[in-house]
Amino acid sequence: MRRHAQENYEKDLKAVQELEEHLGISCRWVPEDEEWQAAARLVANRKYQRALDNLERLVVLRIFELSKMNQSGTGKLIFF
């Protein structure tokens, strides 16, 4: 299994190197690079935004449920 994993790694590494050569990429990013840090911030912001969107979706669903039960204006929150 270890040899098989090593062969797959070497095959994938070769494919990456060929793609980098084809695209004219001379060096890879490392965590200290400014571009790496900017990309990391974008990923973190995306995760935060998705969580916020999900929360908003749940609130809207709850409002619709309350309006179906004619309780949207009562100030009651019923959690199941």
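Start with the surface: the chain exposes about 7800 Å², and carbon and sulfur atoms supply 59% of that area. The model behind these values is a predicted one. Not much is tucked away, as 5% of the 80 residues of the chain count as buried. As for secondary structure, the chain comes to two helices and zero strands.

Charged side chains pair up here too, with two salt bridges in the structure. One of them joins Arg-62 to Glu-65, with N and O 2.8 Å apart. Both residues sit in helix H2, which covers residues 34–68, and they are three residues apart, or about one turn of the helix. The two partners differ in their cover. Arg-62 has a relative accessible area of 15% and is therefore buried, the cut-off being under 20%. Glu-65, on the other hand, comes out at 39%, so this residue is partly exposed.

The other pairing is between Glu-34 and Arg-41, where the closest N and O atoms are 3.6 Å apart. That still falls inside the limit, because a salt bridge here needs a side-chain nitrogen of Lys or Arg within 4 Å of a carboxyl oxygen of Asp or Glu. Glu-34 reaches 55% relative accessibility and so counts as exposed, given that exposed means over 50%. Its partner Arg-41 has a relative accessible area of 45%, which makes Arg-41 partly exposed.

Put side by side, the Arg-62 bridge has a buried arginine and a partly exposed glutamate, while the Glu-34 bridge has an exposed glutamate and a partly exposed arginine.

Note on methods:
Residues numbered from 1 in each chain as written. Predicted model: local features only at pLDDT ≥ 70, side-chain atom pairs only at ≥ 80, totals over all residues. Heavy atoms only, no water. Helix = DSSP H or I, 4+ residues; strand = E, 2+ residues; numbered from the N terminus. Buried < 20%, exposed > 50% of the residue type's maximum accessible area, 1.4 Å probe, protein only. Areas by Shrake-Rupley, 256 points an atom, 1.4 Å probe, with all protein chains shown as cover.
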